[in-house]
Amino acid sequence: MSQIYEAIRSFWLPEQAATSAHVIDAPFMFILIASTIMLIGVTFYLFYLPWKYRRRSSADVPYPVKENHLLEMSWIVIPTILVFIVFFWGFKAHVDTVVAPADAYEVNVQGKKWLWQFNYNEGITTTNELVVPANRPVKLIMNSVDVLHSFYVPEFRIKHDVLPNRYSTVWFEAVRADTFQILCTEYCGTGHSVMGAKVIALGAQEWNEWVASGGGKGIQPGDSPVELGEARYTKNVCNSCHSIDGSSKVGPSFLGHWGETRNFVDGGSAVMDEDYTRESILYPAAHIVEDYQPVMPSYQGQLSDGEVYALIQYIKSINGADVPATFAEGGFGGDGDAGGADAADDAAADAPAAE
Ligand code: CUA
């Protein structure tokens, strides 16, 4: 019996990769099975009764129909009981998945058009990668900086609206170290379909190492700024709005504008150089290029000085400008300065050491 149940469940639902996934699956399966039984019963009588009471000869005359109290009570009482079971079972499942255990590890989640940003208590920030310890409850405290988004991890059975001007919470405990898909499941505009991310659940030792390394963001002397910039271009999802082939997406392409004069919607203009590019990454609303919308989120506090520098070098390299091959000794710090809220504030004071 339980094998049949498991076969049906795994046909409809993805793997149960969180400890509380069965809490959602059980009422889902109850509704599925109860609905199927009722569908079969109703469909059967829909065909059987007209056939049974069909008119057999022209002499057939219908009987007057009297009420049947037992029948009427049954179709009132049975569905009412079913609906109450679904309500209380579903309500309990909702509470169980929303109210986190007291010892849960907390992560702040921000939904933005169109990426997910994760802020950790250790001062680490990641974009589109939620790194968590496996086999430990994780509580997400979520809000949006613009429109409604919805945080959805199918394997964990968590799906929760992420709203501006309000925090919502949900929790999960990954059953093993692995990578799982995060989706935005509330239509939020042009980039909704690319607003995907990953949960990366790490074993205890890898988790401790990841935290100790400041999220693995340190820059070492000898690293290539262009390679780092290219990695950030994908990892921080610049690529969802900025192409590198000259085509316009939500924002202007990274190819073809370096050194050009850019005209702004407010009538001003500026040459696209290092300073302008840095400002556009950290304070995107400061100057909006003609024909574009002010939709870019700020990367202030999310990218270290070194990463902003690397992105600028990457953009320069696409456009054929000269760029340094490596970061120099004593250059940008390797101590995970990306997460500090003051990282961006210091940015203006620091000159790139590699030049
Ligand atoms: Cu965010 Cu859809």
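## Strands and pockets in a predicted model

Tyr152 has Leu183 in strand 9 as its bridge partner. That pair is a handy way into this structure, which is a predicted model, so here is a tour of the sheet, followed by the pockets.

**Around strand 6**

Strand 6 covers residues 149-153 and runs antiparallel to strand 9, residues 179-184, with two bridges joining them. Besides the Tyr152 pairing, Phe151 has Cys184 as its bridge partner in strand 9. Phe151 also has a partner in strand 7, namely His160. Strand 6 and strand 7 are antiparallel too, and five bridges join them.

How many residues lie between strand 6 and strand 7 in their hairpin? There are four, and if you check the backbone of the turn you'll find Arg157 with a positive phi of about 60°.

Is strand 6 largely enclosed or not enclosed by the rest of the structure? Four of its five residues are buried, so strand 6 is largely enclosed.

**Strand 9 and the whole sheet**

Moving on to strand 9, in a regular strand the side chains alternate between the two faces of the sheet. Strand 9 has Phe180, Ile182 and Cys184 on a covered face, while Thr179, Gln181 and Leu183 make up an uncovered one. So the Tyr152 partner, Leu183, belongs to the uncovered face, and the Phe151 partner, Cys184, to the covered one. Strand 9 also runs antiparallel to strand 10, residues 197-202, through four bridges, and Thr179 stands opposite Ile200 there.

Put together, you get an open sheet of five strands in the order 4-10-9-6-7, with mixed pairing. The edges are taken by strand 4 (129-133) and strand 7 (158-162); each has a single partner strand, so one side of each lacks a neighbour in the sheet. On average, neighbouring strands here are turned by 20° against each other, direction ignored.

**The pockets**

Now for the empty space. The two pockets line up like this:

| Pocket | Volume | Lining by class |
|---|---|---|
| Largest pocket | About 640 Å³ | 24 nonpolar, nine polar, two charged residues |
| Second largest pocket | About 330 Å³ | Seven nonpolar, one polar, no charged residues |

The largest pocket, with about 640 Å³ of space, is lined by 35 residues, of which His242, Gly251, Pro252, Ser280 and Met296 are the closest to its centre. Helix 6 (274-282) and helix 7 (305-318) are the elements that give two or more residues to this lining. Helix 6 supplies the largest share, four residues. If you think in domains, domain 2 (105-212) and domain 3 (225-347) each contribute at least three residues to the lining of the largest pocket.

Which residues line the second largest pocket? They are Met38, Val42, Leu71, Ser74, Trp75, Ile78, Pro79 and Leu82. The elements that give two or more residues to this lining are helix 2 (21-52) and helix 3 (69-98). Helix 3 gives the most, with six residues. No charged residue turns up in the lining of the second largest pocket, whereas the lining of the largest pocket has two.

Technical notes
Residues numbered from 1 in each chain as written. Predicted model: local features only at pLDDT ≥ 70, side-chain atom pairs only at ≥ 80, totals over all residues. Heavy atoms only, no water. 1 Å grid on protein atoms, 1.4 Å probe; cavity = no way out; pocket = protein on both sides within 12 Å on 5 of 7 lines; lining within 4 Å. Points joined across faces, edges and corners; volume = space filled by probe spheres on them. Nonpolar A, V, L, I, M, F, W, Y, C, P; charged D, E, K, R; others polar. Domains from an automatic or database assignment. Pairing = 2+ DSSP bridges. Axes fitted to C-alpha atoms, helices over the stretch in contact; angles between N-to-C directions. Buried < 20%, exposed > 50% of the residue type's maximum accessible area, 1.4 Å probe, protein only.
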